[in-house]
Structure formats: C-alpha cells, structure tokens
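Welcome! Please take a look at the sequence and the structure below, and then read the short briefing that follows.

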Amino acid sequence: MAIRRGPAASYAAPPNIALVKYWGIRDPELGLPYNSSLSVTLDRLRSRTTVRFDPALDADEVELNGAPATGGPRDGVVRFLDRVRALAGRDERAHVRSENNFPTASGLASSASGFAALAGAATRAAGLALSHRALSQLARLGSGSASRSIFGGFVEWRAGVRPDGRDCYARSVYPARHWPALVDLVVLVRGAPTKEVRSKDAMQQTVRTSPEYRRRLREVPGRLRRLRAAIGARDPARFFPLVMEECDSFRLVCETTVPSLDYLTATSRAVLAEVTAINRAAGRPVAAYTHDAGAHVHVFTLLRDLPTVRRRLAAIGGVERTLVVRPGPGAGPIRGSAR
Ligand code: PMV
C-alpha cells in the first residue's frame, strides 16, 4: 500500500509573562490549575515550529534550535505528540523542528511559546482544525502557561471548577493595543542558572509543603479581579503595586517551599530593590517588577518613564542587557504551511 507523507505545518507563538501566576496543579492528567492566572503576551519574541508526520519514521525526530533534542525536552515533545496522535487517530511518528528568536536557556518562558507553537503545528499537520480555545486547552498539557500564549494582548486563563476541565481555558480579555503606553523592560541578568527542577514539579512541592500556599490561594482571585480592573482603566497607580504584590506572593510561596525554591540571583534582587527605590523617589508608582521561575526580571513602566527606568536598571552590576517588549499578538500559522 502506498503511504503518503503528511504535509508540513508551521506555527509561530509568543512567550507571555504572568501578572498573576499559575503555580499549583489540581489535576495533573488534565493540567488543571488551582487558580486562574493573567498574563501579557509579548511581541518581538517568537518560537517557530514545523511538524510533519512521516510513516517512514520509527521514532519522532525532534530538533530544537538547530540541534537534536535529548532527555527531558525531547520526552516532553514526544509525550505531547502522543496526545495529538490520540486526538487525530493517527500513529505515524513526526519530524519536529523548532526555533526561538531569543535565547532558549535565558529563562524567557520558552516552554510557553514552544508548546503553543507545537500545538498549532502538530494539530494542523495531523489534519485537525481546532478552535483557539481547544488549541489553548491542548497546549496547556505541554506547559500550563502555553495555554495563554495562543492569545494576544492581556490574557486570562480561567481555572474553572469542573472536574472534566471544560470550563478551564484561556482567552484574551484586552487586545494588545489596549494600553499603548505600557511597556515591559526585560532585564536579563548575567549568570542566570538553568532550572534544576521543572516548574510542573516545583509547583507541586509548593502545594505540598509551603505553609503560605493556602493563604495565597485565598488572595489570588481578588487580586486578579483588581488587576483586570486596573488594566481596563489603564491605571498605573493601581496596576504597578498590584503586579509587585502578586510577584511578592509568588516569591514567598517559593521561598517557603521545602526544600526552598530560590530563582533569583543577587543581581535580580538588586533590580527589585532599584524599582522600589525608583518608586519611592518619584513619590508615586512609576514601575513594577515581576519574575517567573527564573532569574530575569520583567519591569513594567510607561513609555514616558522608560528612559529613566532603563538607565537606572541597566547601570546595575550583573545586568547583561535590557530588552523593550510590548503587549503583542497571539499564536498563528506561518503562511505557506498546511491548513
Ligand atoms: O507553564 P509552566 O509549567 O512553565 O509554569 C509556569 C510557571 C510561572 O511561569 C512561574 C507562572 C506562570 O503563570 O507563567
């Protein structure tokens, strides 16, 4: 029987930075989180992934940033492809090629953009046409934060309450152009360590061991509501303090996890302190720090304050580079690939 190779499909997806963090899974099989989260999808940065199913292959071939993937990263992609194969009723292995236009090991949420791009490319290559919501629900099985990278602008991932996860999905709550003056200054610190424990495992250690975790879960819904309202009103006086309050809450549950999770370097901490000093000197909130499970710091500020904030933060010893990004569009197919 003549077996045809499938068409190649390519998809691009952006990373996102969480303003309200996802940290804790209530159902590992379905990837359902304990709390809803809220993020900004970032422009300029992209993962681009191409997938082609091929009956001649005995095993999936995965290439990440020009080199064959091995170990954990490869296993994660293969497990994700298994989900897509089950969904599409196919069993061919696949060629996967994925590239980031930003340094992968930099801790810039490459798992979010990577799995969002993989979800789009793999489902299209398998002949499936999923809605954005279904794509986001699939992407979260690779990496929770990937569910938000499908959408552009300000994105809420609702935790939902149903055991089957049907009410657990991400959606855009404000478009990318909603708050044109808002910028994210990404402060890349030198010597950021690579993650020792996967976020997925680390967050479950927090759920099990941090005495602060329950309080955090009680606080998050109110904070998310207030942050959404501050974004809706484009109100920096409410937005900046809430972003930092949430980041501090996330850091506290990490630090009180046993064994303790410390993602920051001395330079990251100096960046947080400098943002606090800038706000104090201005007598009003002009910037806000946040970080995820990594050492780099995202500093939100307004365009008019960007030159000062950037100058102050770039002068800190150990800061490698600062990068200006803004809210951007979500994931989508790359033209010329299969539909
Ligand atoms: O999506 P994961 O498994 O890489 O976990 C993401 C965890 C945080 O980045 C710390 C928070 C978030 O909501 O993105």
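In this predicted model, 14 residues surround the ligand. The closest of them are Tyr 22, Ser 143, Gly 144, Ser 145 and Arg 148. Let's start with the ligand and then turn to two sheets.

**Contacts with the ligand**

- Tyr 22 takes part through its backbone: one of its backbone N or O atoms lies 2.9 Å from an oxygen atom of the ligand.
- Ser 143 uses its side chain instead, where an N or O atom is 2.8 Å from an oxygen atom of the ligand.
- Arg 148 also has a polar side-chain atom at 2.7 Å from a ligand oxygen atom.
- How much of the ligand does the protein bury? Taken alone, the ligand exposes 380 Å², and the protein buries 93% of that.

**The shell and the two domains**

- Sorted by class, the shell around the ligand holds six nonpolar, five polar and three charged residues.
- Where does the ligand lie with respect to domain 1 (9-176) and domain 2 (182-325)? Both domains give residues to the shell, so the ligand lies between them.

**A sheet of four strands**

Here is a handy bit of background for both sheets: strands of a sheet pair through backbone hydrogen bonds, either parallel or antiparallel.

- Four strands make an open sheet with antiparallel pairing, and their order is β2-β5-β10-β11.
- At the edges you will find β2 (16-20) and β11 (169-174), each of which pairs on one side only.
- On average, and with direction ignored, neighbouring strands of this sheet are turned by 35° against each other.
- Strand β10 (residues 154-158) pairs with β11 over five bridges, in the antiparallel sense.
- To find one bridge for yourself, look for Trp 157, whose bridge partner in β11 is Ala 170.

**A sheet of six strands**

- Another open sheet has six strands, and its pairing is mixed. Reading across, the order is β8-β7-β9-β6-β1-β16.
- Why is one side of β8 (67-68) and of β16 (332-333) left without a neighbour in the sheet? These two strands stand at the edges and each has a single partner strand, so one side of each has no neighbour there.
- Strands β6 (residues 47-54) and β9 (residues 93-100) run antiparallel and are joined by eight bridges.
- Val 51 is a good residue to look up here: its bridge partner in β9 is Val 96.

Note on methods
Residues are numbered from 1 along each chain as its sequence is written. This is a predicted model: local features need pLDDT of at least 70, side-chain atom pairs count only at pLDDT 80 or more; totals for chains, interfaces and linings use all residues. Side-chain values use heavy atoms; hydrogens and water are left out. A residue is near a molecule or strand if one of its heavy atoms lies within 4 Å of it. A polar contact is a pair of N or O atoms within 3.5 Å; within protein, one must be able to donate a hydrogen and the other to accept it, and residues adjacent in sequence count only if both atoms are side-chain atoms. Accessible areas come from the Shrake-Rupley method with a 1.4 Å probe; for residues, only the protein chains shown count as cover. Ala, Val, Leu, Ile, Met, Phe, Trp, Tyr, Cys and Pro count as nonpolar, Asp, Glu, Lys and Arg as charged, and the others, Gly among them, as polar. Domain bounds come from an automatic or database domain assignment. Two strands pair if DSSP finds at least two bridges between them. Axes are lines fitted to C-alpha atoms, for helices over the stretch in contact, and angles run from 0 to 180 degrees between N-to-C directions.
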